[in-house]
Amino acid sequence: MRNWLIITCFLLGALPVTLPAQDEIVIDIQGEPSALPDAPTLWDRNAVQLTRKLRGKTREQVLYAVPVVSDKDRIIEAKRGEYALVEYYQGEEFRKFLFKAESPQTFVAAAANAADVLAVNKKYGVNIGLSQQAFENFYAGQAAKEENAYLPPQSVLYKLDYTDVNTPRPVTRWFLFEKGTLTQTFETSGTKNAYLEAQKRQQQEADKARQQAAARQQQQKPQQRIVRKALISGGTEWDRAYLPRVVNPKPMLIMPSNTQNSSKK
């Protein structure tokens, strides 16, 4: 058996083998990666880190560099003019970038949590948006609800001893959320109380207007005629005992009795 195998292998090795000629394939990978190594990432950097990366950049440069499409991109009003706001969301997380509204729309500030939003709002006199849920999650155990009967429906007013980088000592501030979104910030008790007084007057005026409208509607209803019975003559024993009697009735109201009719017959 061993000799047969050796001979077979020798014969196979002696056969001529002809393979078709093929060109050499060379793969050359060129070009730059889709995102630059230093491009800003959103969800693994906080506001301070993002601010360092984006300082001096324009809105166009940031939109081009960030490898995801923004969820919101709009112009917002401020006490000192307008700003451009670009927002990104991922579940409950968010990243907000504030730019100057005028060309070339350079970067101003970044926000990555509720404290960042409040700090940006305070510094630049804007409201870049904050959900009540994000506020409550971040300031759990710190913010206290302030009840008031004159708050608008679906509104919550929070009192907070506020601090940030530019406000190291706690300052009491109030934050009003309407339908789950931050709408107003009161920096003093005076401005907060003035707002509540205005709400009180509005509700009182609305209540007064409703009462007046109800009174007018009541006056416009047709008056129902009240029918009362009174005895002119005759009647049952109960009628004679309990019904009032008509004094000096008009002749046309007096019906002829049966005795008078029978006498005429």
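Four strands form an open sheet in this predicted model, arranged in the order β5-β6-β7-β8 with antiparallel pairing. At the two edges sit β5 (144-145) and β8 (181-186), each of which pairs on one side only. Further in, β6 (residues 155-164) and β7 (residues 167-178) are joined by nine bridges in the antiparallel sense. Along this pair, D164 can be found opposite T167 in β7.

Two helices accompany the sheet. Helix α4 (residues 114-124) lies across β6, β7 and β8, and its direction is at about 80 degrees to β6. Helix α6 (residues 189-219) also packs on the sheet, where it touches β6, β7 and β8; relative to β8, the direction of α6 makes an angle of about 120 degrees.

Stepping back to the chain as a whole, the model contains eight helices and eight strands. Of the 265 residues, 28% are buried. The accessible surface comes to about 20,100 Å², with carbon and sulfur atoms contributing 53% of it. Among contacts between residues at least 6 apart in sequence, 39% link residues at least 24 apart.

A word on confidence will help when browsing the structure. The mean pLDDT of the chain is 82, and 74% of the residues reach 70 or more. Two stretches to view with this in mind are residues 1-19, where the pLDDT is below 50, and residues 31-37, where the pLDDT is also below 50. Beyond near neighbours in sequence, residues 1-19 have zero contacts in the model, and zero is likewise the count for residues 31-37.

Note on methods. Residues numbered from 1 in each chain as written. Predicted model: local features only at pLDDT ≥ 70, side-chain atom pairs only at ≥ 80, totals over all residues. Heavy atoms only, no water. Buried < 20%, exposed > 50% of the residue type's maximum accessible area, 1.4 Å probe, protein only. Contact = heavy atoms within 4.5 Å. Areas by Shrake-Rupley, 256 points an atom, 1.4 Å probe, with all protein chains shown as cover. pLDDT = per-residue confidence, 0-100. Pairing = 2+ DSSP bridges. Axes fitted to C-alpha atoms, helices over the stretch in contact; angles between N-to-C directions.
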